[in-house]
Structure formats: structure tokens, C-alpha cells
2 protein chains.
Amino acid sequence: METLKIVKIGGNIIDNDKELSSFLDQFSTINGPKILVHGGGKLASKLAEQLAIPVKMNHGRRITDAATLDVITMVYAGKINKTIVSKLQSFNCNAVGLSGADGNCIVSKKRPLKDIDYGFVGDVIKVNTETLDLLISQGITPVLCAITHDEKGQLLNTNADTIAAELAIAFASTYYTSLYYCFEKNGVLRDVTDEDSIIETINATTYNQLIKNGSVAEGMLPKLNNCMYAVENKVVEVCIGRPKMLFDESAKCTKIIL
Amino acid sequence: METLKIVKIGGNIIDNDKELSSFLDQFSTINGPKILVHGGGKLASKLAEQLAIPVKMNHGRRITDAATLDVITMVYAGKINKTIVSKLQSFNCNAVGLSGADGNCIVSKKRPLKDIDYGFVGDVIKVNTETLDLLISQGITPVLCAITHDEKGQLLNTNADTIAAELAIAFASTYYTSLYYCFEKNGVLRDVTDEDSIIETINATTYNQLIKNGSVAEGMLPKLNNCMYAVENKVVEVCIGRPKMLFDESAKCTKIIL
């Protein structure tokens, strides 16, 4: 089986023009099939603020109301996605930017109203790989933003880490799939203030220990959950760390394995 | 040769949610290969106003500065393009939304600075049909917004009518290509106040007469120029009129022929 690399980048890279360009330049050099998934960054919050769209919270969770969804759609699928695609083209990487609505590639369901109404937030229910595979088979790199749809005409805000994991899982039966979560630390750290305290390998057993100990930073938990979910569903390798883990064999990162 | 229909819609349809849905519902029923090209509508101006981005004019022409380009990218490639794609999916039309940067499908060149600096406005220099054809061949409908790129990482604002004409011309050697400009009138009118005064056919000779007479409304001129440009370059048929010309055999419109 051919290897497919799925790479997720977040705000820390997206918010810095120079860093983004440098990353995309290197990303373009990755041989073979690859998919880029991007989150949002600060631009969406900034735009919402400029438009005086109030940040709505419910029990500490952000609510995506209709106005916020519009902002997210404009920033993620518009500004960020097209900036990335045009930069990749300038580095001779033929890319096509997509939301989950495009090619019906990621179908989600509006999160059911229980204690909290999250608004227009979607949980992934299906990945259709046909269009993505069509592009990949022609050497084209799909660039996915964190917006999905419900097949009934509603766009939905969906976590980019989850989208990356779902894509990796959907392709795991046809590709030797690796998933890379790029962020601003060297990996999962034992001590969040010490970049050298990387936990180099996490498996199901150590994962449960880490959670029990409470030794994983709170922000890391959803990311780690996505990682475990991926390796439990035939994704061969999941790595968390700085982008250099993709390009530099000697760069350390955290590998999540079964 | 198979027929390819290229349909351009503008602000008059896009600005009205109900009209847009109704149009897309009908558009979905068109059998065979089709491409939708959309302009902007009032949303971009509204957003620019909300963000207090001044409208910059030079000798009566609007200038696309960097802030305006961001707004256009967010609105055209983000909000409008993804709204259209998700609605088409809900009508069982598998669509993929694209800018000219995606798949490198429309390459443009920043308009050279002469008397007027238009800012980030691009004139089309090349259409690459490969990715579009790849999608069309799988029954997928490309939905193009009016943003192109220069292959060097710069997005550029490009007239949607021109994009539609350039696409039609690029496909004219492999498809029997028809081009439809949908707008808010029954066609090119002899008397702009009389919807029944449709000029049913315009060819190169009558086109020149109309221009000489000054009997074409000023706003129609660039559109008509694009039409003549298309038919002069092997596009089989170009029609201007209300969207119903696409779905109703008895609906009148203006046909531009050689």
C-alpha cells in the first residue's frame, strides 16, 4: 500500500505569515500522497470582534451562532484556505482547497441539544473518500478547512483535529496512513514548562495512566483522544509535535501507537 | 462531442436567499456536464462597510487594495461559494467549489499599472482545464468564484463574466460549449424600460451597429464584449437573460452568435 500523510496545522502556524510560508514551502517537498487540514487561528476571533459579534458562551463552551458560523466560513474556507492554496501553488504543489461540503467529502450532524446548545457545530458521521481520492490519484493535494455540512444545506463548524483523525481513519483501508498533529510544542510533555520532557511514545496503557495521573495538560486531552481514536482504527502512526517532525528525521515528537 | 453548460450568476440571485435556493434547485436538474460561476453581490460591500474599509476609487474605477481583497476572498470563496456548494449537495448535485488558485485552474496577471492602479485585480492569462475536467468526468459540478491567482502566491480579484467566458473558450475544443449569463432582465433590451423589447439575436454585425447607435445600456457593454469574445473563440452559443432561459424552452433571451 502507498503511504498517505495527513498533516494538521493550527493557529500557531496560520497566524504568522512568515512561518506559514516557510511551513508550506517544506510541506510542498513531501513526496507522495498528502492531505493538509487547517484550523482557524486568531483571524476569526478578530473578525468577530470587528463585527461586534458577541462571543456567546454556555457553561464555559463557545457557541457557534449563525453570525459566528458566517465568520468562520469566511475566514476558514475563504481567507485562510485560499491563502494556503495559492502559496502551495507558488511552491509547485498543486493543491485544491475544500470544505466538507465540497465533493460531499465530510458529512456531519448538528450536535444534538442536551444540556448545552452548541449551535452550528457538527459531529462527523461520514467521510466520503471518492473525490479526495480522485484528486490524490492525480497528484493533487487536498487542503481541508474545518467546516463540514449535513447534506441538507447546512454548513457546520467542526473541530479540525477531529477532521484530521476522521480522514486518516477513512483512508486507512486503502493507504498506509500516517497522521501528524503540528503544534507549538515538541510533543506531549511530562512537564509543560520543559520542552525536553517529551513523552516519546504513548500507547493505550500509558495513555490511560497519563489520564489517571492527571499528568496531561488539559488542552492536550481532546488532541490525545483523537490520536488514540485514530490508532485504534487502523491509522498506522500518529505523531504530535512541531512541524519539523515532518522534515527532520532527528526531530523528536510524541508517537501514539496501539 | 458532449455538451458543457457554463452558467454565470450574479448579485441579483445571490443576494436573495430564496431566489438562490430556487435557482440552485433548478440548476441541479440540468443533465450532463455543467459549471457554475458566481459573482459577489452586495455582501462584500456590506462587509467592507462594517469593517470601515473605505471604498477607494480612481477616475471612477474601484480599486482592490489588500484589505478589500481579503474581504472579497472571505465573501466570494468563503461564504458565497460554500453556501452554494452545500445547497447544491442538498439538491443531490455533487459540487466542488473552487477559486482559480485551486487546481491552478485560472491563472491571471496583476493588471499593469498605467494611468490607473487597480490594485489586486487580475486579468486571465491561462485556464488549466485538467482539474476541472477530472471533476466533470466524474459527474461533479465545479462552482467557481471570481478569484484567480498569479502562480506566485498572490490571489487576484477577477471579473466573474470574464471568468465564465474564459472557461467556455478553454473547454470549446473538447466540449460543445454553451455559455449562459443570468441577470435581472429578459435579455439585451432595445428599450431598457421595456422587458418585451428583447433583441433576440446579436451577431458581430448587429453588435457593431448597436455600439455605434449607442443603443446598448452602458452596463451591458462589458458583458456583451465577453459574449462576442466567447463566440469568436468557438463557444457555440452564448445567452443573456433571466435564469428561466435555462429551464424553460419558451423563455426568451438574447442569443449571441457569430
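## Exercises on a predicted two-chain model

Both faces of strand β5 (residues 95–98) of chain A are covered. The model is predicted.

**Exercise 1.** Which residues cover the two sides of β5(A), and which strand pairs with β5(A)?

*Solution.*
- Start with one side: A95(A) and G97(A) are buried.
- Turn to the other side: V96(A) and L98(A) are buried too.
- In a regular strand, side chains alternate between the two faces of the sheet.
- Now the pairing. Strand β8 (residues 141–145) of chain A runs parallel to β5(A), with four bridges between them.
- One bridge partner can be named: L98(A) is matched with L144(A) in β8(A).

**Exercise 2.** What does chain B use to touch chain A?

*Solution.*
- Count the contacts: 34 residues of chain B meet 35 residues of chain A.
- Assign them to elements. In chain B, α4 (66–90), β5 (95–98), α5 (130–137) and β9 (147–149) each supply at least two residues.
- Rank them: α4(B) gives the most, 13 residues.
- Sort this side of chain B by type: 11 nonpolar, 16 polar and seven charged.

**Exercise 3.** How are the two copies related?

*Solution.*
- Superpose: a turn of 180° with a shift of 0.0 Å along the axis lays chain B on chain A, at an RMSD of 0.0 Å.
- The two copies are therefore related as by a two-fold rotation axis.
- Check the surfaces: 100% of the interface residues of chain B are also interface residues in chain A, so the copies meet through the same surface.

**Exercise 4.** Where does helix α7 (residues 204–213) of chain B lie, and what follows α7(B)?

*Solution.*
- Of its 10 residues, the number buried is zero, so α7(B) lies largely in the open.
- Just after α7(B), G214(B) has a positive phi of about 65°.

Key. Residues are numbered from 1 along each chain as its sequence is written. Chains are lettered from A and ligands numbered from 1 in the order in which they are written. This is a predicted model: local features need pLDDT of at least 70, side-chain atom pairs count only at pLDDT 80 or more; totals for chains, interfaces and linings use all residues. A residue is buried if 20 or more other C-beta atoms lie within 10 Å of its own, exposed if 12 or fewer, and partly exposed in between; C-beta atoms are placed from the backbone. Two residues are in contact if their C-beta atoms, placed from the backbone, lie within 7 Å. Ala, Val, Leu, Ile, Met, Phe, Trp, Tyr, Cys and Pro count as nonpolar, Asp, Glu, Lys and Arg as charged, and the others, Gly among them, as polar. Copies are superposed by least squares on the C-alpha atoms of residues with pLDDT of at least 70 in both. Two strands pair if DSSP finds at least two bridges between them.
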